[in-house]
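I want notes on how the strands and helices of this model fit together. I start with burial and then follow the pairing outward.

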Amino acid sequence: MADKKSEIRNPKSEIGNWQPKIIAFLCNWCSYAGADLAGVGRMQYPPNVRVIRIPCSGRMNPKFILAALRSGADGILVSGCHPGDCHYLSGNYFARRKFALFRSLLDYMGIEDGRIHFSWVSAAEGERFAEVISEVTEAVRAIGPSHRLNRKVMGRR
Ligand code: FES
């Protein structure tokens, strides 16, 4: 049986071939369509992102972010329709407020600011989507692997 301590990864030895894992929660009506447009337009962006489609950014529960971090994500992107364009009228305003509050909690927990990103991307902004993904990936890469909540690293299953 493997010693629990041996399961704890050594971040310095991993950094060489480490690639950030980023979870992007995209609203169905704008950002997901923007991602689709970037794909159809064959726009280049880092392959580090895994997309989870949500009906609206207002549906975003902060628990989703914590669950993603606990499951090994190094960075999170939440993206929705531009202010005034939400298909449910005010979902993105709620999301923005929730996110502002949640950011202080993350700060309190010691989660670096550059791990969690929030952006507006419309269905017509494939190029912007590619830019946002590149920026988020670089920001997370600069911080390094996330160990704070990662269950595997902490030796818990
Ligand atoms: S439907 Fe896109 S943010 Fe509400």
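I call a residue buried if 20 or more other C-beta atoms lie within 10 Å of its own, with C-beta atoms placed from the backbone. The model I am reading is a predicted one.

**Entry 1: strand β1.** I looked up burial along β1, residues 22-27. Six of its six residues are buried. I then sorted the side chains by direction. Ile22, Ala24 and Leu26 point one way. Ile23, Phe25 and Cys27 point the other way. Both sets are buried.

**Entry 2: partners of β1.** Which strands pair with β1? I found β2, residues 49-54, joined in the parallel sense over six bridges. Within that pairing, I traced Cys27 to its bridge partner Ile54. I also found β3, residues 75-80, again parallel to β1, over five bridges. Here Leu26 stands opposite Ser79.

**Entry 3: the whole sheet.** I followed β3 onward to β4, a parallel pairing over five bridges. Leu77 stands opposite His117 of β4 there. The full order reads β2-β1-β3-β4, four strands in an open, parallel sheet. Why is one side of β2 and of β4 left without a neighbour? Both β2 and β4 (116-120) stand at the edges with a single partner strand each, so one side of each has no neighbour in the sheet. I also checked the twist: neighbouring strands are turned by 20° against each other on average, direction ignored.

**Entry 4: helices on the sheet.** I noted that α3 packs on the sheet and touches β1, β2 and β3. The direction of α3 makes about 115° with that of β1. With β1 and β2, α3 (residues 31-40) makes a β-α-β unit, and I logged the unit as right-handed. Next I looked at α6, residues 126-143. Helix α6 lies across β1, β2, β3 and β4 and runs at about 155° to β3.

**Entry 5: Tyr45.** I picked a residue in the loop between α3 and β2, namely Tyr45. Is Tyr45 buried or exposed? I counted 20 other C-beta atoms within 10 Å, so Tyr45 is buried. The cut-off is 20 or more. What does Tyr45 touch, leaving out residues up to four places away in sequence? My list has Ala38, Ala130, Ile133 and Ser134. I checked one pair by distance. Tyr45 and Ala130 are 85 residues apart in sequence, yet 5.3 Å apart in space, C-alpha to C-alpha.

Methods:
Residues numbered from 1 in each chain as written. Predicted model: local features only at pLDDT ≥ 70, side-chain atom pairs only at ≥ 80, totals over all residues. Buried ≥ 20, exposed ≤ 12 C-beta atoms within 10 Å, placed from the backbone. Helix = DSSP H or I, 4+ residues; strand = E, 2+ residues; numbered from the N terminus. Pairing = 2+ DSSP bridges. Right-handed = clockwise from strand over helix to strand, strands pointing away. Axes fitted to C-alpha atoms, helices over the stretch in contact; angles between N-to-C directions. Contact = placed C-beta atoms within 7 Å.
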